[in-house]
Amino acid sequence: MLESAFPQAITSYATAELRDRQILYAITALTVFSGAAFALFKNNYDGERQIVRKQNLELQRTHQNLIRAKNKAVKAEQAKSEFLSTMSPEIRTPLNAVIGMSYILQEEDPRPDQLENLNILKFSAENLLRALGPQS
C-alpha cells in the first residue's frame, strides 16, 4: 500500500524475506518503545497518585486537628463565660469597695506619695472592673 502511494519513500529490498525481517524489527522496536513509554507513564502516574493520597491523608488529619482545636476553644470560652458569670458578682463587690475607699482616702488630703499610690490603686481596680464586662 505504501509502495503505491509513496514509491520514493520505500526502499527496495534484495529479498522479500529481508523486507519482512526489517518490518518485524520495526514492529518489535515500536512495541518495546510503546511498552517502555507506557511503563514510564504508569510509574509516574502511580507515584503522583501516591503523593496525592499522602497529601489527602495529611489534609484530613489537619482538618480533624482543627475541628478538635475549635471544639476545645468553644469549651474554653464557655467555661470562661460560666466562670465570669458566677464570679463576677463575687469580685465586683470588693472591687467597688476598694474604689470607694480610694476615693475617700483621696479626700483626706494624703501626702503626694500616698496620692500616687491611691491613684494607681483606683486605676487598677477600675480596669479590673471593666475587664469583668458589663454588670448583669
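The following turns ask how some labels in this predicted model are justified.

In this predicted model, local features need pLDDT of at least 70 and side-chain atom pairs count only at pLDDT 80 or more, while totals for chains, interfaces and linings use all residues. Residues are numbered from 1 along each chain as its sequence is written, and side-chain values use heavy atoms, with hydrogens and water left out.

Me: Why is Ile104 called partly exposed?
Reply: Buried means under 20% relative accessible area, exposed over 50%, and partly exposed in between (1.4 Å probe, protein chains only). Ile104 has 44% relative accessibility, so it counts as partly exposed. Ile104 is found in helix H2, residues 16-107 (helices are DSSP runs of H or I, at least four residues, numbered from the N terminus).

Me: Why is Asp109 called exposed?
Reply: The relative accessible area of Asp109 is 70%, and the cut-off for exposed is over 50%, so the label applies. Asp109 lies in the loop between H2 and H3, and its phi is positive, near 55°, in a residue other than glycine.

Me: How do you know that the span of helix H3 agrees with its number of residues?
Reply: The expected span is 1.5 Å times one less than the number of residues. For the 20 residues of H3 (residues 112-131) that gives 28 Å, and the end C-alpha atoms are 29 Å apart, which agrees.

Me: What makes up the buried side of H3, and what covers it?
Reply: The buried residues of H3 are Leu118, Lys122, Ala125 and Leu129. They cover an arc of only 70° around the axis (taken from the directions from the helix axis to the C-beta atoms), so they are on the same side of H3. Their cover includes H2 (contact means heavy atoms within 4.5 Å).

Methods: Helix = DSSP H or I, 4+ residues; strand = E, 2+ residues; numbered from the N terminus.
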